[in-house]
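This report goes through the annotation, domain layout, nonpolar cores and ligand surroundings of one protein model.

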Amino acid sequence: DKKPDWWKETVVYQLYPRSFQDSNGDGIGDLRGIISRLDYLKSTGVGAVWLNPIYASPNDDNGYDISDYQQIMPEFGTMQDFDELLRGMHQRGLKLIMDLVVNHSSDEHAWFKQARSSRQSPYRDYYYWWPAEKGTPPARYSTFDVHRNAWQYDSLTNSYYLHYFSVKQPDLNWNNPKLRQEVYRMMRFWLDKGIDGFRMDAFQFVAKDPTFPPMPGLNETNYTNAYNHGPRLHDYLQEMNREVLSKYNIMTVAEGAGRNPTEAMLFVDPARRELNMTYHFEAVGVGNTPERFQLRDLKRVFTRWDSAFARKGWQSIYLGSHDQPRITSKFGDERPEFRAASAKLLNTFLLTMRGTPYCYNGDELGMTNIRFDNIADYRDVAALNGYQLVKSQGGSLPAYLQTMQRFSRDNSRTPFQWNASTNAGFTTGTPWIKINPSYTTVNQAAQEKQPDSVLNHFRRATEMRQQHPVLVYGQYQLLDAANPHIYAYTRTLGPERVLIVLNFSDTPRNWPLPAGLKPSGKPWLNNYPTLPTGSTFALQPWQAVVVKLQ
Ligand code: TEU
Ligand code: CA
């Protein structure tokens, strides 16, 4: 009776424009570079591309500090380039999802320049201010600030302004209906061009109590929870849905999902008419520990979130992004003998869970962390300001650099590895950030030629998901929950049942099939030539098998 939701059946490819393809030799990826790679994108089997911000920006936070929402960043190209990109994508049946960054703007946005100029400015109320005559404002934590203080004193009007992120990212005041209408107008501008949706940056943070009640004990581990779900958040989303989203056939996904699955459901319950999807940080958080992650924790998190959405709502499935280290380094095994197999296993996982899969560019090749050992190599404001903080506190800089080697966001922001020529085919100039030396062996051109490459495995996986609705809609059931090395589950839709078995370890392992499960025919997908058969699967290191059950 009802048309299926396209955004449930598609695979989203997250594309970091700065690092994807440079077309003019300035060392910075750009829109014409992306245009030149559209056939490649199409060939991977993804259906939608989420572009990180491409709007005018002084680039304090690589485009997440926007100075004009309706202009293209000159480094990335022109509005003509954008229109051509969108046309080229639509001609190939690819959807385009844009980043919507409206928790904050740049301090160089015209609104903020006006707002800071005078307490009487009509734009004053577009941002949050605390007049200094009221004393020091109640403590708020900022994740990127060198002092971790979200209040910045501005002498021009003797007031503090609020910035949850960097000092160049003042928070927009969503309590102000004029601001909200400006945002909706801007959204319509892009939607009327024909874009297919928005990924809504840090959206769970937009609602704030303008009286700023005290939040004692705020720190880097609890600020996300504390800032989540401020008053009227869902009023704003319902208003936005009424006035903008509901008028278009688009997909919306909020970064941040509240504090738990129950809060996440409030964003996506269709009856509430807000958004289609959110994504949470619990799964990626499992790997952000000093020790290597525990597979049982990963299973527990994914299984808990799946069950919360089993009857209504929809999830996003991801392991990596431009904010996270490379998935192969973090959840797989980057050693040369295991890199490819583990990357294929992780992609098998992403494409066989219930929810819309998100692949971060380069993960379809199994790219790995770069591990800079010098602070001068870093570009990320978070890494650089973190270094300043440790330094000013007299902390251990070597220890900080060691942590950054594992967790820095720059690990996943190095240029895409197209081929083995100079600069990996990314640029003819000097790249804005160093290229991972692994490009001589790990690159798209080489993988294109190898039938069993990570890339070609990714293509088989997207095609498999496309062909089998059970992998999109089928019910998920975890098997052998306590097993510390094997992640096994079934997906079931009507009479059809599929088994997925993933050996998350560098050791061959035997996995006895639970009673009653009988494979039927050849696996749909397998990252080894050997087929596990019989009532026990003899699995190779990092082997990943998808097989239909009788
Ligand atoms: O990230 C929001 C967010 O919650 C981040 O603080 C995240 O926890 C952090 O990057 C992990 O290191 C979004 C964008 O994805 C990020 O790239 C931006 O820097 C941030 O918003 C500000 O716009
Ligand atoms: Ca360029």
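## Annotated span

In UniProt, an unreviewed entry places the feature "domain: Glycosyl hydrolase family 13 catalytic" at residues 14-417. The model shown is predicted. Within it, residues 14-417 are 33% helix and 12% strand, and the end C-alpha atoms of that span lie 15 Å apart.

## Domain layout

The domain assignment divides the protein into domain 1 (6-105 + 177-461), domain 2 (110-162) and domain 3 (474-548). Taken over C-alpha atoms, the centres of domain 2 and domain 3 are separated by 55 Å.

## Nonpolar cores

In soluble globular proteins, nonpolar side chains tend to be buried together. The largest nonpolar core here has 135 residues, and the members that touch the most others are Val49, Ile97, Val501 and Leu502. Helix α13 (residues 336-350) gives this core its largest share, seven residues.

Which residues are in contact with leucine 502, leaving aside its neighbours within four places in sequence? They are Leu345, Thr348, Phe349, Ile486, Tyr487 and Ala544. A second core, separate from the largest, has five residues, among them Ile370, Phe372, Ala383 and Met404.

## Ligand surroundings

The residues around ligand 1 include the acidic Asp61, Asp201, Glu255 and Asp323, together with Arg409. Also in the shell are Tyr64, Val101, Thr143, Phe165, Ala202, His322 and Ala382. By class, the shell around ligand 1 consists of five nonpolar, two polar and five charged residues.

Notes. Residues numbered from 1 in each chain as written. Chains lettered and ligands numbered in written order. Predicted model: local features only at pLDDT ≥ 70, side-chain atom pairs only at ≥ 80, totals over all residues. Domains from an automatic or database assignment. Core = buried A, V, L, I, M, F, W, Y, C linked by C-beta atoms within 7 Å. Buried ≥ 20, exposed ≤ 12 C-beta atoms within 10 Å, placed from the backbone. Helix = DSSP H or I, 4+ residues; strand = E, 2+ residues; numbered from the N terminus. Contact = placed C-beta atoms within 7 Å. UniProt positions renumbered as here; feature names shortened; annotations may be inferred. Near = placed C-beta within 6 Å.
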